[in-house]
Amino acid sequence: MTAFQGQELIIENLAAGYGKIQVLWDVSVRVGPGEFVAMIGANGAGKTTTLRAVSGVVRPTGGSIRLGGHDITRATPTQIVSLGLGHVPEGRELFGLMTVRENLELGAAMRPEARAKQAQTLDHVYSLFPRLAERAGQLAGTLSGGEQQMVAVGRALMGRPSVLVVDEPSLGLSPLMTQTVFGALKAVHAEGVSVLLVEQNVGLSLKLAQRAYVLENGEVVKEGTGEALLADPGVREAYLAL
Amino acid sequence: MDLFLQTLLNGLLQSGIYALVASGLALAVGVVGIVNFAHGEFLMIGAFMAWAASAFLGVDPLLSLPIVAVAVFGVGALTYRVSIRHVLLAPELNQMLLTFGLGILLQNLALMLLGGNTRTVTTPYQASSLNIGELSIGGPKAIAFGLAVVLLGALYFMLYRTVLGRQMRAVAQNRRGAQLIGIPVDRVYLIAFGVSCGLAAVAGVLVSVLLFASPTVGLVFALKAFAIIVMAGLGNLTGVLWASVILGLSEALVQTYVPGGGGWSDAVFFLMIFGTLVLRSFRRPA
């Protein structure tokens, strides 16, 4: 497997919202090339909105987003994918009436360089998630929640992203399945992909991440290495209930 | 026995046109997510174009068919760009009011420009017929059915065997997922709506040969198409085919075997909507 090429994602002073409701006020997050960064925060803090703004689904009202040297603040989702962003969305958003294999292939469909290496990447995804190889011909909508999460991660990887953003991958999964999915993220990171992870499982994500940001009410209130935040009394009290 | 077979044959032949109109509507509803009440008016446009080509230029409807299809694809794409696109995020009521208004506008434009008369298209094969044993098929009906089968074959090949078709199905199944993997959703909508209108227009060309062209000719076909997609399940693209056959056969059976059946057959689709909705209400989603 040829290694992935991680790129830099820089979010600066981002402001965004839905209609008249502003959700993000001032979010600055930096993911270095090949870095694993986590974003934690309570429900409604703006984590998902930040990722949606990165993907171009939500239009920023202020600030800027740069991906590997390209300004993507006003770019369309299609352009952003072609520049190398992979998005594993909250709720997985699979194509339920298509097979696992069709879902995965669609992940490579919109990037010529990914389509050229499709067979190779598919083998790689199957080696990360052997379960998906067994279920290749099954309709995605009939899989268990954990298997669907594997498809969502695999589909994003099929685009051979340089930056992977992952939204709440452990939501509704058993601890065992969570381990599998996190193990795969770790493996993907080890291959050089930059990862920005949003997680409700704060303990697990801080252990995995090199650096992390804490979001509150649409603003970054803390940042530091995963270990430092794990040791931070404020973080422990607010998010780990210790 | 022959009467029964003849009835089934008539029903099957009729279902070809139904399937053309309904699969177009299913694309608009399933892929674009818009309930297009003006669908019948795009059929009407196709019928008038075929009539005009035949009456003024002497071009056979079967020859003008591909040109009509492309032209109305363009009209549909333009309609999407200037109107439909802007209400996609609006409440459903607004969307329905828009397409309903569009339908009224097109119908009255036709009435104003062309008058309310029915226009018939004369073709050399109008009175021809095909005999198989004791069964007989009208030439135009056979041609229309053959064309419908070919066109539907092409449509389903596009949907299930091409990149564009796969993108359309992906958008139909999960808009957000499609967007996030980079599918240009807006472009897929534009093409799907254009194809939807093009299919209606092609059916319109066939209707101009089988029946006539008039400002309101599309209405009954659009209503039946709605019955078909309700029966198939909104957004279910393959269910449309068998639902069309069921409607065609039921109508033919009613025409043959119910006394005064000619009048009743146009009520069959209402019964179909009613029956489907009642039946579905008993079936709990898994």
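Start by selecting residues 129–132 of chain B, which form strand 1, together with residues 135–138, which form strand 2 of that chain; in this predicted model the two strands pair in the antiparallel sense over four bridges. Pick out Ser129(B) and look across to strand 2 of chain B: the residue opposite is Gly138(B). Then go to the turn. Two residues sit between the strands of this hairpin, and Gly133(B) takes a positive phi near 60 degrees there.

Next, select helix 5 of chain B, residues 139–161, and find Ala144(B) within it. Is Ala144(B) buried or exposed? Ala144(B) has 24 other C-beta atoms within 10 Å, and the cut-off for buried is 20 or more, so Ala144(B) counts as buried. To see who does some of that covering, skip the neighbours within four places in sequence and select the contacts of Ala144(B): Gly16(B), Ile17(B), Leu206(B), Val209(B) and Leu210(B). For a distance check, draw a line from the C-alpha of Ala144(B) to the C-alpha of Met168(B): they are 24 residues apart in sequence and 27 Å apart in space.

Now zoom out and show chain B whole. You should find twelve helices and two strands. Reading from the N terminus, colour by element and you get α-α-α-α-β-β-α-α-α-α-α-α-α-α. The radius of gyration of chain B is 19 Å, close to the 19 Å that the globule rule gives for 286 residues, so chain B is as compact as a globular protein of that length. If you want a box to frame it, the C-alpha trace spans about 60 × 50 × 35 Å along its principal axes.

While chain B is on screen, try colouring by burial: 47% of its 286 residues are buried. A contact map is worth a look too. Take the contacts between residues at least 6 apart in sequence, and 75% of them join residues at least 24 apart. Switch to confidence colouring and chain B has a mean pLDDT of 92, with 99% of its residues reaching 70 or more.

Bring chain A back and select what touches across the two chains. The contact takes 21 residues from chain A and 14 residues from chain B. On the chain A side, helix 2 (77–82) and helix 3 (100–109) each supply at least two residues. Which element of chain A gives the largest share of that side? Select helix 2 of chain A, which provides four residues. Colour the chain A side by class and you get eleven nonpolar, seven polar and three charged residues. For the complex as a whole, the predictor gives an ipTM of 0.91 and a pTM of 0.90.

Stay on chain A and select helix 1, residues 47–55. Helix 1 of chain A is mostly covered, with eight of its nine residues buried. Among those buried residues are Lys47(A) and Arg52(A), along with Leu51(A), Ala53(A) and Val54(A). Step just past the end of helix 1 of chain A to Gly56(A), which takes a positive phi of about 85 degrees.

Last stop: a hairpin in chain A. Select strand 1 (residues 9–18) and strand 2 (residues 21–31) of chain A, which pair in the antiparallel sense over seven bridges. Click Ala16(A) and follow the bridge to its partner in strand 2 of chain A, Leu24(A). Finish at the turn, where two residues lie between the strands and Gly19(A) takes a positive phi near 60 degrees.

Key
Residues numbered from 1 in each chain as written. Chains lettered and ligands numbered in written order. Predicted model: local features only at pLDDT ≥ 70, side-chain atom pairs only at ≥ 80, totals over all residues. Pairing = 2+ DSSP bridges. Buried ≥ 20, exposed ≤ 12 C-beta atoms within 10 Å, placed from the backbone. Contact = placed C-beta atoms within 7 Å. Nonpolar A, V, L, I, M, F, W, Y, C, P; charged D, E, K, R; others polar. Rg over C-alpha atoms; globule rule 2.2 N^0.38 Å. pLDDT = per-residue confidence, 0-100.
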